[in-house]
Amino acid sequence: MASLDRNNKILLDLVRQPGNNACADCGIPEPDWASYTLGIFVCLNCSGIHRNLPDISKVKSIRLDIWDDALVQFMRERGNSAAKAFYEKCVPAFFYRPQQSDCFVLKDQWIRAKYERREFTGENKCRQPSYCSDRFESTLWKKGKNKRQFLKRTFLLSRKDFTLRYFIKEDSKLPKAVISMKDLNAVFQPEKINHAHGLQISFANGKRTRNLFVYHEKGQVIVSLFNAIRATRLEYLQKKHPTLQDVDLIPEMMGCCLKEGYMEKTGPTQWEPFKKRWFTLCSKNRKLLYFKNPLDASELGAVFIGTETHNYAAAEIGGPSSRRGRWHCGVTLRTPDREFVFMCEQQQEQKEWLEAFRKVIAQPMTAEDYANEANMIRGK
């Protein structure tokens, strides 16, 4: 028992050291599990993924399990920093490194790419991963016009002309759509699409946004497509901004959804009936889009959100009112043209939307933001 206590205390001291004090795979602080074959400290969620790789990684709790002296010594000699130096030696700049809040398939494929396939060690220089090639082709399930109908479609991504094409039939010569990398965005949406590998691809289609909802049964394929899109976007941005460094371009590759969910919305006079709509707020393009349903291909409308100095503001509406809809937690969004009134079902949702709106309003506007605002005003 004394030896057990001593070894667990040594491990607890090791996990507090710089490098070891965050999960080796997702970065969450204070990991309390370890892979005693790889010599790394990981969180509970990532340890579950490691359990699926029994030939590569074996895990124990550093608090609850018994550790013999040899395993403790191995952990002393290795650690997260040494493992990263080897397993993450050659991670491409565009490759997405999952965080704690990311979906399972991203974390699962990141861990498999590192330890199972060893894609970033520099050992297999002759074998190039599919996401690094100039051309990526795959057959995906794409949502059709019917509510829940997904149809097989062939997707072709090209770095040569910075496009993503998709074809209705495998032998089709002409694509159904040719999508430019200029405004393309891709984000995993497993809950919305109702599939663990669900990916949402969005792009500008005239003055509106077009959404494609796709998935592949194999996690490796859909994550490879995601990273191939990121690689193509980065190369497009490098060509567009030749004087900028990758460190400046990488944040511009993809936009994350700051907040999504249902709210009730009324019309411009604020006497129209409230209608339930699905809202999406993106900090990258400063747009609040609203849809009738979460899986709609295009939005019903959009609101540009500028800065406070340009007369944009968000505020809470206090207290219930008979004038409002079924929901009574209100938010107002003021723009130079009008004041929007939204109603949330719960106070927590109200708080989150307020925080999201204020975060966008606090961001300085870029030259591209001013151009987008002007285009939206002209399009009304």
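**Exercise 1. The nonpolar cores**

Task: In this predicted model, state which residues of the largest nonpolar core touch the most other members, and find which element gives the largest share of this core.

Solution.
Step 1. The largest nonpolar core has 41 residues, and those that touch the most other members are Phe94, Leu164, Phe188, Leu199, Ile201, Ile222 and Ile229.
Step 2. H7 provides the largest share of this core, with 10 residues.
Step 3. Another core lies apart from it; this one has 24 residues, including Phe279, Phe304, Phe357 and Val360.
Step 4. As background, nonpolar side chains in soluble globular proteins tend to be buried together.

**Exercise 2. The surroundings of Phe94**

Task: List the residues that Phe94 touches, leaving out residues up to four places away in sequence.

Solution.
Step 1. Set aside the residues up to four places away from Phe94 in sequence.
Step 2. The residues that Phe94 then touches are Tyr131, Cys132, Arg159, Asn227, Arg230, Ala231, Leu234 and Met253.
Step 3. For the chain as a whole, take the contacts between residues at least 6 apart in sequence: 52% of them join residues at least 24 apart.

**Exercise 3. The second largest pocket**

Task: Describe the second largest pocket by its volume, its lining residues and the elements that supply them.

Solution.
Step 1. The space in this pocket comes to about 770 Å³.
Step 2. Its lining has 24 residues, and Ser101, Asp102, Val187, Phe188 and Cys256 lie nearest the centre. Phe188 was also named in Exercise 1, as one of the residues touching the most other members of the largest nonpolar core.
Step 3. At least two lining residues come from each of strand S8 (185-188), helix H6 (190-193), helix H7 (219-240), helix H8 (246-253) and strand S11 (257-265). S8 gives the most, with 4 residues.
Step 4. Sorted by class, the lining holds 14 nonpolar, 5 polar and 5 charged residues.

**Exercise 4. The cavity**

Task: Determine how many cavities of 30 Å³ or more the structure holds, and say what lines the largest cavity.

Solution.
Step 1. The structure has 1 cavity of 30 Å³ or more. The space in the largest cavity is about 50 Å³.
Step 2. Its lining is made of Phe95, Gln109, Ala113, Arg117, Glu119, Tyr131, Gln220, Val223 and Ser224. Tyr131 is also among the residues that Phe94 touches.
Step 3. Helix H5 (104-116) and H7 each supply at least two of the lining residues, and the largest share, 3 residues, is from H7.
Step 4. By class, the lining divides into 4 nonpolar, 3 polar and 2 charged residues.

**Exercise 5. The partners of strand S4**

Task: For strand S4, give the direction and the number of bridges of its pairing with S5 and with S10.

Solution.
Step 1. S4 (residues 135-143) and S5 (residues 150-158) run antiparallel and are joined by 9 bridges. In this pairing, Glu137 has Leu156 of S5 as its bridge partner.
Step 2. S4 also runs antiparallel to S10 (residues 208-215), with 2 bridges between them. Here Lys142 stands opposite Val214.

**Exercise 6. Two residues with positive phi**

Task: Decide whether Arg118 is buried, partly exposed or exposed, and do the same for Phe162.

Solution.
Step 1. Arg118 sits in the loop between H5 and S4, and its phi is near 50 degrees. Phe162 sits in the loop between S5 and strand S6 (163-167), and its phi is near 55 degrees.
Step 2. Buried means under 20% relative accessible area, and exposed means over 50%.
Step 3. Arg118 has a relative accessibility of 32%, so Arg118 counts as partly exposed.
Step 4. Phe162 has a relative accessible area of 11%, so Phe162 is buried.

Methods. Residues numbered from 1 in each chain as written. Predicted model: local features only at pLDDT ≥ 70, side-chain atom pairs only at ≥ 80, totals over all residues. Heavy atoms only, no water. 1 Å grid on protein atoms, 1.4 Å probe; cavity = no way out; pocket = protein on both sides within 12 Å on 5 of 7 lines; lining within 4 Å. Points joined across faces, edges and corners; volume = space filled by probe spheres on them. Nonpolar A, V, L, I, M, F, W, Y, C, P; charged D, E, K, R; others polar. Core = buried A, V, L, I, M, F, W, Y, C linked by side-chain atoms within 4.5 Å. Buried < 20%, exposed > 50% of the residue type's maximum accessible area, 1.4 Å probe, protein only. Contact = heavy atoms within 4.5 Å. Pairing = 2+ DSSP bridges.
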